[in-house]
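Student: I'd like a close look at one thing here: empty space and what stands around it. Could you start with the framework, and keep the jargon friendly?

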Amino acid sequence: MSSTRIRELIVTPIAFGDPPLLNANGVHEPLALRVILQLVLEDGTVGLGESTGGTVRLERLQAAAKVVVGMDVFDSTAVTAAIDAALLPTVPSSHERGWTTSAVEVACLDAQGKLLGRPVSDLLGGKVRDAVPFAAYLFYKWAEHPALDGRAAIGDDWGEALDPAGIVEQARLMQERYGFRSFKLKGGVFPPDEEIAAMRALAKAFPGQPLRLDPNVAWTVGTSKYVARELDGVLEYLEDPTKSIEGMAEVAEDSPMPLATNMCVIAWEHLKPAVEHHAIQVLLTDHHYWGGLRRTRELAAVCEAFGLALSMHSNSHLGISLAAMTHVAAAIPNLDHSCDTHYPWNSADDVIVPGVLELRDGEVRVPTGPGLGVELDHDRLERLHRRYVDSGMRSRDDTGYMRRFQPEYELKLPRW
Ligand code: GKR
Ligand code: MG
């Protein structure tokens, strides 16, 4: 048996700490779910991957684990095709299948890099930058997770941010701790005029530094147009103000700033209508659902062809994902904006051995070790898996959690 064949794919669900961050759906729960992959080859080499958690996606990764055994790790196109074919009968959405194939592709690339003694960025064609810029991801937030069902309150060292002054203070802390030079606010939480005031306060506090606002489709077309007019000269781009390619196209007609998305263009079949309708000017790529790192590199070329600028989307994540994001962003020449990352909110619970990934001066240096260049901390993995098992939490529910404190809260999109 060739040593580059896959012996086993170990799929481990984990839960890690998350602060009470507010968004258009409610509020983050005290734990966030993720899945860690270890792709073990016949020679003992292990490739790492990381994906979003929750029972549905976990079960698909477990199904993928059955398909890949015996395949050659350098045949990652065939590995992806085999998983895709296995999921197709029960998972018709290519976007949904992409979540599974992507995580396994990253693990294949990590293993390939380890076998060759080369970083993943080399396998993607080589890096065009030594460090990747990231934006501070600002959230309205409560000071703590309130006490609940006998559980004590859970505080953090970020404090409360519920108004413009709180957001500016959070941005200052982000800059002090990590040196960020651009800022994104997660909006869709308060009435638009309050969020406009927060963006103006940020512009005043950080003159000349790029700013973005993302309400996750909490606004109608009319409200989106109003906010865009009010924030003319303040934002580098406005992200997902309203739903659908058609809605975004209407807003784009007279928007003074570019529109960006990680919501209405999330699969290959969305690109053609988005381009035809001039719905977006910036695409936030995300290797976790665009089919992996190589496909993200290809996506960047498509965006270049159609004059779309590129940025990068993030969800709550840990270091294996950050390493993968950094390698692919380093290998994309036309990365036009700093990438998003939730890492500062979750890094205290990371599963990797510290030291390689560091957010400094608003950047992460591209790891130079073989593969992704990060090492799994097995004790941590075990602890976070235990936490997952003990928590009983099996899916993300920002709305349900919000209702525990505000029973009258309703999910309404658009809300304004
Ligand atoms: O973590 O609350 C959050 C974000 O709203 C996340 O769920 C989004 O996927 O960050 C994301 C975005 O840019 O839309
Ligand atoms: Mg977004």
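Tutor: Sure! Two strands count as a pair if DSSP finds at least two bridges between them. Helices (H or I, at least four residues) and strands (E, at least two) are DSSP runs, numbered from the N terminus. This is a predicted model, where local features need pLDDT of at least 70 and side-chain atom pairs count only at pLDDT 80 or more, while totals for chains, interfaces and linings use all residues. Residues are numbered from 1 along each chain as its sequence is written, chains are lettered from A and ligands numbered from 1 in the order in which they are written, and side-chain values use heavy atoms, with hydrogens and water left out.

Let's begin with the sheets. One is an open sheet of three strands in the order E1-E4-E5, with antiparallel pairing. Its edges are E1 (6–17) and E5 (46–52), each of which pairs on one side only. E1 and E4 run antiparallel and are joined by 11 bridges; if you want a spot to click on, Val11 has Leu37 in E4 as its bridge partner. Keep E4 and E5 in mind, since both names come back below.

There is also an open sheet of seven strands, ordered E7-E10-E11-E12-E13-E14-E15, and here the pairing is parallel. E7 and E15 (309–312) each have a single partner strand, so one side of each is left without a neighbour in the sheet. At the E15 end, E14 (residues 282–285) pairs with E15 in the parallel sense over four bridges, and Val282 stands opposite Ala309 in E15.

Now the domains. The bounds come from an automatic or database domain assignment, which gives domain 1 (6–117) and domain 2 (123–365). Their C-alpha centres lie 23 Å apart. Contact (heavy atoms within 4.5 Å) takes in 33 residues from domain 1 and 42 residues from domain 2.

On to the empty space itself. On a 1 Å grid over the protein atoms alone, a cavity is a set of points where a 1.4 Å probe fits but cannot get out, and a pocket is an open set with protein on both sides within 12 Å along at least five of seven lines; lining residues have an atom within 4 Å of a point. Points are joined across faces, edges and corners, and a volume is the space filled by probe spheres set on them.

The largest pocket holds about 980 Å³ of space. It is lined by 44 residues, and those nearest its centre are Asn25, His313, Asn315, Arg396 and Asp398. Two or more lining residues come from each of E4 (31–41), H1 (55–68), H3 (94–116), E7 (136–139), E10 (183–186) and H14 (398–405). E4 gives the most, with four residues. Sorted by class (Ala, Val, Leu, Ile, Met, Phe, Trp, Tyr, Cys and Pro nonpolar; Asp, Glu, Lys and Arg charged; the others, Gly among them, polar), this lining has 14 nonpolar, 17 polar and 13 charged residues. Both domain 1 and domain 2 supply at least three residues to it.

The second largest pocket has about 390 Å³ of space. Of its 20 lining residues, Thr80, Thr101, Trp290, Gly291 and Arg295 sit closest to the centre. H2 (76–87), H3 and H10 (293–305) give two or more residues each, and the largest share, six residues, is from H3. The classes split into six nonpolar, eight polar and six charged. Here too, each of the two domains provides at least three residues.

Finally, the closed spaces: searching the whole structure turns up two cavities of 30 Å³ or more. The largest cavity has a volume of about 60 Å³. Its lining includes Gly49, Trp99, His287, His288 and Ala324, and the elements giving two or more residues are E5, H3 and H11. H3 gives the most, with four residues. In this lining, five residues are nonpolar, six polar and one charged. Domain 1 and domain 2 both contribute to the lining, so this cavity lies between them.

The second largest cavity measures about 30 Å³ in volume. Arg34, Thr52, Trp99, Asp286, His288, Ser314 and Asn315 line this space, which by class makes one nonpolar, four polar and two charged residues. Again both domains give residues to the lining, so the second largest cavity also lies between them.
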